[in-house]
Amino acid sequence: MKGGRSHPDLECGDHMKVLGIILAGGRGEYLSSLTQVRTSAALPVFGKYRSIDFTLSNMINAGVSKVGIITQYSPRSLMDHIGSGKEWDLDRKQGGLFILQPYYSPYNPSMGYKGTADALFQNIDILRRGNEDSVLIGSGDHIFKTDLTKIFRYHLDTAADITVLTGNKNGECGMKGMDRVICKNGRVIKWIEKENASENPDEGDCVALGVYFVNKFLLRELLYSAVPNGYNELVKGIISPNLSSLNVREYRYNGYWRDIKQSKKCYFKTNLDILDPQIRRELFYENGRVFTKLKDLPPPKITGTASMNNSVIADGCVIGGRIEDSVLFRDTRVMAGATVKNSVLLEGCLVEEGAYIENVIMDKYCTVRLGRSFVGESEEPTVIEKHGVI
């Protein structure tokens, strides 16, 4: 994998180039009002980031210089965040950023993708052009940080047709309900899709984490043989039916990984996970940087009446009240006498004097009025819709 940020240790595979594909068209229907106005890949996380930043930064840190982002549901917020790709060094003449949106044509009268394989098939031109030998497929709503060059090297060394990133089946937030796989000597021999997982809950020793390396020419052949015959999903229609004929390998990942679209609770818990120093170190100080869209905002202003404990306060915030175990996004204001506890406040929120909120997710530009109290359940946080007033 080559690019503006080449990896110094990638020697066995640096003659190969990799095309990055990010699946970012899903809604995340379990997230209530949070995804009424945005795709799950554009969900804000950790004060000033979006969920797509992590998969995109993993690719950029590994030297991938050509990335296609497949969008569909409510893409405006995502497109505003990505822009030209400048922050990820993707505004370039060779390679760069490609936004792959559905479009109307005589061959696609429905103007939409029927599944992940169909989305790739409708954008087959990006797989025809360029001199890449391999394709790296990831999801825009998965939060993790890893060195993808190690997975690519393993993919080459094992002569795999497809390599899938897997994780231990530990039941953590973000891994429940994922596809499970059964492996033997590193080879995937059975794939248990999430809709069938309840039939044999103990079957499968690990879960599939939605990251795949695959030979580009093989992927084109598989798409041409599957999608015109009505098999529109990448796993169900292409990978799973060909396990016996293809060399599908697993690469076991033991780090932090979350799928934030699974539930409000998972999104809430993931944001608060950044308060853990070990998780913060893994996500932001190991295996390269996390790149995001920059905004010209001043550092947070902390007044003499403020009190803070174990919290993240982003740029542009003004804090005059008490903050405990919370994450405050850019340009949020908590006035004197107000208390924010165990909550996530997205950009531009206002908590007025004497107000009290706990176990709450406040979407952008929400307001809690003077002296009001709003408390949610710790196991089921309450969401205040964008521009909401309490």
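Strand β11 gives the largest share of the lining of the largest pocket, four residues. I start there, and I should say at once that this is a predicted model.

The largest pocket has a volume of about 1200 Å³. Its lining is made of 38 residues, and those nearest the centre are Leu23, Thr116, Lys194, Glu233 and Lys261. By class, 13 of the lining residues are nonpolar, twelve are polar and 13 are charged. Which elements supply at least two lining residues each? They are α3, residues 116–122; β6, residues 134–139; β11, residues 206–215; and α7, residues 234–239.

Staying with β11, let me follow its pairing. Strand β9 is joined to β11 by two bridges, and the two run antiparallel. In that pairing, cysteine 206 of β11 stands opposite valine 181. Strand β9 also pairs with β10, residues 187–192, this time through five bridges, again antiparallel. There, valine 181 has tryptophan 191 as its bridge partner in β10. So much for the partners of valine 181; now the turn. β9 and β10 make a hairpin with two residues between them, and asparagine 185 in that turn has a positive phi of about 55°.

Just ahead of β9 there is a loop, running from β8, residues 162–168, to β9, residues 180–184, and lysine 169 lies in it. Is lysine 169 buried, partly exposed or exposed? Its relative accessibility is 35%, so lysine 169 counts as partly exposed. From lysine 169 to valine 181 is twelve residues in sequence, and the C-alpha to C-alpha distance is 9.8 Å.

Next, two helices. Helix α8 covers residues 264–273, and eight of its ten residues are buried, so the helix is largely enclosed by the rest of the structure. The buried set is Lys264, Cys266, Tyr267, Phe268, Thr270, Asn271, Leu272 and Asp273.

Helix α9 covers residues 277–284, and its buried residues include Ile279, Glu282, Leu283 and Phe284. What do the buried residues of α9 pack against? The list is β3 (49–50), α1 (52–61), β7 (142–144), β12 (248–253) and α8. At the start of α9, the backbone nitrogen of glutamine 278 has a side-chain oxygen of aspartate 276 within 2.9 Å.

The last region is a second set of strands. Here five strands form an open sheet with parallel pairing, in the order β14-β17-β20-β23-β26. At the edges are β14, residues 301–302, and β26, residues 367–368, each of which pairs on one side only. Within the sheet, β20, residues 333–334, and β23 run parallel and are joined by two bridges. Arginine 333 has leucine 350 as its bridge partner in β23.

After β23, residues 350–351, comes a loop leading to β24, residues 356–358, and glutamate 352 is found in that loop. Is glutamate 352 buried or exposed? The cut-off for buried is under 20% relative accessible area, and glutamate 352 has 16% relative accessibility, so it counts as buried. Leaving aside neighbours within four places in sequence, glutamate 352 is in contact with Met335, Ala338, Thr367, Val368, Arg369 and Leu370. For leucine 370 there is also a polar pair: its backbone nitrogen lies 2.9 Å from a polar atom of the glutamate 352 side chain.

That is the tour: the pocket, the strands around valine 181, the two helices, and the sheet with glutamate 352 in the loop after β23.

Terms used:
Residues numbered from 1 in each chain as written. Predicted model: local features only at pLDDT ≥ 70, side-chain atom pairs only at ≥ 80, totals over all residues. Heavy atoms only, no water. Buried < 20%, exposed > 50% of the residue type's maximum accessible area, 1.4 Å probe, protein only. Polar contact = N/O pair within 3.5 Å; in protein donor to acceptor, adjacent residues only side chain to side chain. Contact = heavy atoms within 4.5 Å. 1 Å grid on protein atoms, 1.4 Å probe; cavity = no way out; pocket = protein on both sides within 12 Å on 5 of 7 lines; lining within 4 Å. Points joined across faces, edges and corners; volume = space filled by probe spheres on them. Nonpolar A, V, L, I, M, F, W, Y, C, P; charged D, E, K, R; others polar. Pairing = 2+ DSSP bridges.
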